[in-house]
Amino acid sequence: MEQREENTERIHRERRKRQSSSIPKTTTLLCPLDLILEILLRLPVKSVLRFRCVSKLWLSTTTDPYFTNSYEARSSTRPSLLMFFKNKDKLFVFTFPHHNQNSKELHSYSQHVDSYHIKYPKYCCFPFTESVHGLISFRISTKPIIWNPTMRQFLILPKPEKSWKGLSVFLGYDPVEGKHKLMCMNRDNTSDECRVLTLGSAQEKWRRIKTNLKHRSILRYYGQCINGVIYYQAYIDQMGFISNPTIMSFEVRSEKFDTITLPSGSFANMLIPYQGRLACVNNTMDDVNGGITLWTLEDAEKHIWSCKLFLAPLAHYDRSLKTDFKLDGITHAGEFIYVPSTFLKSFYVLYFDPKKNSFRKVEFRGTADEVFRLSHGLGNKKVNRLYTFSHHVTSF
Amino acid sequence: MSSKMIVLMSSDGQSFEVEEAVAIQSQTIAHMVEDDCVADGIPLANVESKILVKVIEYCKKYHVDEANPISEEDLNKWDEKFMDLEQSTIFELILAANYLNIKSLFDLTCQTVADMIKGKTPEEIRSTFNIENDFTPEEEEAVRKENQWAFE
C-alpha cells in the first residue's frame, strides 16, 4: 500500500513540475483585479472595447460606471483637439493631443493619436454644438443627432416638436448626475418654451419646459456648457420689444433659465471656457488682429465679471504657412489655441503664450499624406471646411 | 547635512541601506518613519530583493537634487531604459509600487504594461493574464458586434 501511495505522490509531483514548466515565463497568475483595472484605465478606448470579450469579468469591469467614470475623469484632465472634415458621404476624424507647453521650440512636431473615417447619416446638417463631455450634436432638418466620436456612433433622435420648421440645438452635461441633456428651441421665433431630452434614460422623450424669459437664440454664436450650465447669446423679448443681446443660461440639472447681462454691452465674438468658468471674448478694437478682451464670469450667481486684456488676436494669418488661423479656446495652462481653416498634408496648431506674447507652432505630420489622399479620393488640394473642437474628452 | 540612513529588508532576507529622504518617496515607508518604527530596519514582506533593487534604483533617480535638476525629457528617456524589463518583472514592480505606495512608479509601470498590451487580441490577453474564456461563442460574438470597429 505504501509503495503505491509513494508512486502516486511521485506522479503528481512530476505532473506539477511539467505543468509549471510549460507555463511561459511571461505569464503571471498574481495580478489582482484592482491592479488590472489600473492598467485598463491607461489603455486607448479601442483596446478597452476589444478586451471586453476577454471574459465576463472583464466585460462587467469595463462597462461598470466606476470604470467608465474613472476613465472619463482621467481623459478630462487632458482634453484633446478633435478635428473633422467631410468628403462625400464620410467624415474624416482626427484626434490631436494638446502639445506640451514645456517644449521651448517654436516649431515642434507631433502625431495624431487617432484617426478614422465614418459614414455619416444622410442629409446631416452642420453646424453643431461644442463637444460637451465627449458628445457633439448636429441635426438632420429638425431632428437632432448625437455623435459620440470616441465610440464612433450616431444616435438620431425624434423631432422635439412636429410643428417647428427650424431648430436651435443646445447640448449640456450635468456633472452631478452624470447625464447629458439636449435642449431645443424653435429657431424661427422668439419663444418662452423649449424641449428637453435626457440621454441614456429609459424612455428618451422630449419634455416641454416653460420659462418667463421669452427669447430667441442668436445662431451665429455657439453655446457653451460649463459646470453644468448651458450659456448662449440671445435676444430677449420684453413686452413685445426685442431687447439688447444678452446671455441666456440654462441649468442642466434644474432645467431653469436665467439671463445674464453681457459684460461688454454688445455681442461677444465667442463664448469659451476659461479656467473652468464662462468667458466672453470680444475684439478689443475693431481689428481682428488687434487683441482681445476676455470677460470671465467669476461669480455665476451674483453675475460678477472680471476683465483681462490680451494681445492674443481673434484671427491670425501665418505667412510661412499662408493659412488663416482662428482662436478656438484656451488650454488649462493658459495658452491660446489657434486652429487653421485649411490644411494640405500636415495639420498645424498654433499656441499663443500671453506672457511671452509669441506664437509657437505644432506640426502634426502625415495627417493627410499622399497615400491617405489617394486611398480616399481626396485629391491634391487643400482641405477646406474644417470643424475643430479644442476641448474634446472621451465618453463611453 | 546629515543623510539619515534606513535599512530595508526584502522578503528573501536581504538588507539594503538607503537614504531616508530617498526611501520616503514610498508613502508606506514615509508613514513608518513618521510612526518611528524603523529602528531595526523595515521588513518588506511582499517585495523580493530582485524587485527591491529596481525600486531603490528608481527612487534614487527621482530623488530631486536642487543642485542638479534633470530635464523632463531626460527623465523620460531614463524611464524607457529602466522599464526595458521582462513582462513578469514589470508585473512584480506594479505590485511593489502599489504595496509601497510610490505613485509615480505605479503610474509608469501600469502605463508600460498598458502600452505593451494595447495592440493584442483578446486571445493573447487571455494567455498573458491566464484567464479562461467563459463566454459561449454566441455571447462573445454579441460583444464583438457591439463595437465591431475595435476589432479592425
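Which strand of chain B does S15(B) lie in? Let's find out together, keeping in mind that this is a predicted model.

**Stop 1: S15(B)**

Select S15(B) and show its side chain. S15(B) belongs to strand β2 of chain B, which covers residues 15-19. Is S15(B) buried, exposed or partly exposed? Its relative accessibility is 49%, and exposed begins only over 50%, so S15(B) counts as partly exposed.

Now show what surrounds S15(B). If you set aside the neighbours within four places in sequence, S15(B) touches V7(B), L8(B) and M9(B). Next, add E86(B) to your selection and draw a line between the two C-alpha atoms. S15(B) and E86(B) are 71 residues apart along the chain, and their C-alpha atoms are separated by 24 Å.

**Stop 2: helix α2 of chain B**

Move on to residues 27-34 of chain B, which form helix α2. Which residues of this helix are buried? Colour T28(B), I29(B), A30(B) and V33(B) to see them.

What do these buried residues pack against? Switch on four elements of chain B one by one: β1 (5-9), α1 (20-23), β3 (42-43) and α5 (87-100). The buried residues of α2(B) pack against each of these.

Before leaving, click on D36(B), which follows α2(B). The phi angle of D36(B) is positive, near 60°.

**Stop 3: a charged patch**

Select E105(A), E72(B), E73(B) and D74(B) together. These residues gather on the surface as a patch of negative charge. Notice the letters in brackets: E105(A) comes from chain A, and the patch also takes in E72(B), E73(B) and D74(B) from chain B.

Zoom in on E72(B), which sits in helix α4 of chain B, residues 72-82. How accessible is E72(B)? Its relative accessible area is 47%, which means that E72(B) is partly exposed.

**Stop 4: chain A as a whole**

Finally, zoom out and select chain A in a cartoon view. You can look for six helices and 25 strands. Turn the chain around: its C-alpha trace spans about 105 × 50 × 45 Å along the principal axes.

How many residues does chain A have? There are 396, and 50% of them count as buried. Switch to a surface view next. The accessible surface of chain A is about 20,400 Å², with 50% belonging to carbon and sulfur atoms.

For a last look, colour by charge. Chain A carries 56 positive and 37 negative side chains, and the centres of these two sets are 6 Å apart.

Technical notes:
Residues are numbered from 1 along each chain as its sequence is written. Chains are lettered from A and ligands numbered from 1 in the order in which they are written. This is a predicted model: local features need pLDDT of at least 70, side-chain atom pairs count only at pLDDT 80 or more; totals for chains, interfaces and linings use all residues. Side-chain values use heavy atoms; hydrogens and water are left out. Patches are made of residues with over 30% relative accessible area and no salt bridge: like charges are joined within 9 Å, nonpolar side chains (Val, Leu, Ile, Met, Phe, Trp, Tyr) within 5 Å. Accessible areas come from the Shrake-Rupley method with a 1.4 Å probe; for residues, only the protein chains shown count as cover. A salt bridge is a side-chain nitrogen of Lys or Arg within 4 Å of a carboxyl oxygen of Asp or Glu. Lys and Arg count as positive and Asp and Glu as negative; His and the chain ends are not counted. The place of a charge is taken as NZ of Lys, CZ of Arg, CG of Asp or CD of Glu. Helices (H or I, at least four residues) and strands (E, at least two) are DSSP runs, numbered from the N terminus. Buried means under 20% relative accessible area, exposed over 50%, partly exposed in between (1.4 Å probe, protein chains only). Contact means heavy atoms within 4.5 Å.
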